[in-house]
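Work through the exercises below with the sequence and the model open. Each task is followed by a solution in steps.

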Amino acid sequence: MINLENETILVTGASRGIGAATTRTLLQAGAAVVGTYASAPGELESLQTEFGRGRLEALQCDLGQAGAAKALWQQAIGFKGHVSGLVNNAGVMPETPLESDDDTWASDWAQVMAVNVQAVADLCRSAIGHYSVRQGGRIVTIASRAAFRGDGPAFMHYAASKGAVVSLMRSIARAYAREGIYAFLIAPGWVKTDMAAVAYEPGNEWMLEEIPMGAAAPPENIANMVAFLLSGSCDHATGATFDINGASYVR
């Protein structure tokens, strides 16, 4: 049983899907959690009812805005006075085909990079500064198999952004391991969330048929790995990427 009592963990994009499942798992393990949402608190409201507002703080944050990540980190510290773990889960994935008009193309690429890369970098920067005076801490970033095998032509920005955070986390792992700061990556394939709803639409059966296990991963699979990595049970895996994709991409 993973025990995360006395730990305070910031989870971005915690209102639904992987983020909500991760928040629940961390709370069940005894952690206090600061969960963020972009527009609506979603599942965070029911989790606060179940676990109490003393265990879970829900914060609205538009990570696409300059300076939002830095301000969020300070708010997260205010919850319990410290943050010992960071889960970079929030991300955007607009459909942007090559045929898009120039304004849409530029706007979508800018949004993806702002949320999926810049905000992650800003939060990691704040976390490293905080951890450096607290004798360490852990960061888990949710990447994607797209970082390694690419994605469809309408989602090249998403794949590029996930490749960027892979390099970011590996760099953090190498640079700060001696300070007790550890960085991990999880690279899911299809996961049973509303973001993957397209895979269940008629005519898209091939999206799931390519998975040898025959189905998208339950979000709890990713949540369990996050909790394990944050527990300190395998800190020597810092810099590593953990694939959870039903063997749809093996490397």
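**Exercise 1.** Determine whether Arg-145 is buried or exposed, and list what surrounds this residue.

Solution. Step 1: Arg-145 has a relative accessible area of 7% and is therefore buried; buried means under 20% relative accessible area, exposed over 50%, and partly exposed in between (1.4 Å probe, protein chains only). Step 2: place the residue. Arg-145 sits in the loop between β5 (137–142) and α5 (146–149). Helices (H or I, at least four residues) and strands (E, at least two) are DSSP runs, numbered from the N terminus. Step 3: list the contacts, meaning heavy atoms within 4.5 Å. Neighbours within four places in sequence aside, Arg-145 is in contact with Gly-150, Ala-187, Pro-188, Gly-189, Trp-190, Glu-210, Ser-248 and Tyr-249. Step 4: look for a polar partner. The side chains of Arg-145 and Glu-210 make a polar contact at 2.7 Å. A polar contact is a pair of N or O atoms within 3.5 Å; within protein, one must be able to donate a hydrogen and the other to accept it, and residues adjacent in sequence count only if both atoms are side-chain atoms.

The model is predicted: local features need pLDDT of at least 70, side-chain atom pairs count only at pLDDT 80 or more, and totals for chains, interfaces and linings use all residues. Residues are numbered from 1 along each chain as its sequence is written, and side-chain values use heavy atoms, with hydrogens and water left out.

**Exercise 2.** State where confidence is lowest and where it is highest in the protein chain.

Solution. Step 1: pLDDT is the predictor's confidence in each residue, from 0 to 100. The protein chain averages 96, and 98% of the residues score at least 70. Step 2: the lowest mean, 76, belongs to helix α7 (residues 205–209), and the highest, 99, to strand β4 (residues 85–88). Step 3: where pLDDT is low, the predicted coordinates should not be read in detail.

**Exercise 3.** Explain why Cys-61 and Cys-234 form no bond with the closest cysteine sulfur.

Solution. Step 1: a disulfide is a pair of cysteine sulfur atoms within 2.5 Å, and the structure holds 0 of them. Step 2: the sulfur closest to that of Cys-61 is in Cys-124, 14 Å away, which is too far for a bond. Step 3: for Cys-234 the closest cysteine sulfur is also in Cys-124, at 17 Å, again too far. Step 4: check accessibility. Cys-61 is buried at 8%, and Cys-234 is buried at 18%.

**Exercise 4.** Describe the largest nonpolar core and the part α3 plays in the packing.

Solution. Step 1: a nonpolar core is a set of buried Ala, Val, Leu, Ile, Met, Phe, Trp, Tyr and Cys residues joined through side-chain atoms within 4.5 Å. The largest has 33 residues, and Leu-10, Trp-73 and Leu-86 have the most contacts inside it. Step 2: at least two residues of this core come from each of β2 (32–37), α3 (68–80), α4 (102–132), α6 (156–176) and β6 (181–188). Step 3: a second, separate core of 31 residues includes Ile-9, Val-33, Phe-51 and Ile-222. Step 4: turn to α3, where the buried residues include Leu-72, Trp-73 and Ala-76. The buried residues of this helix pack against β1 (8–11), β2, β3 (56–60), β4 and α4.
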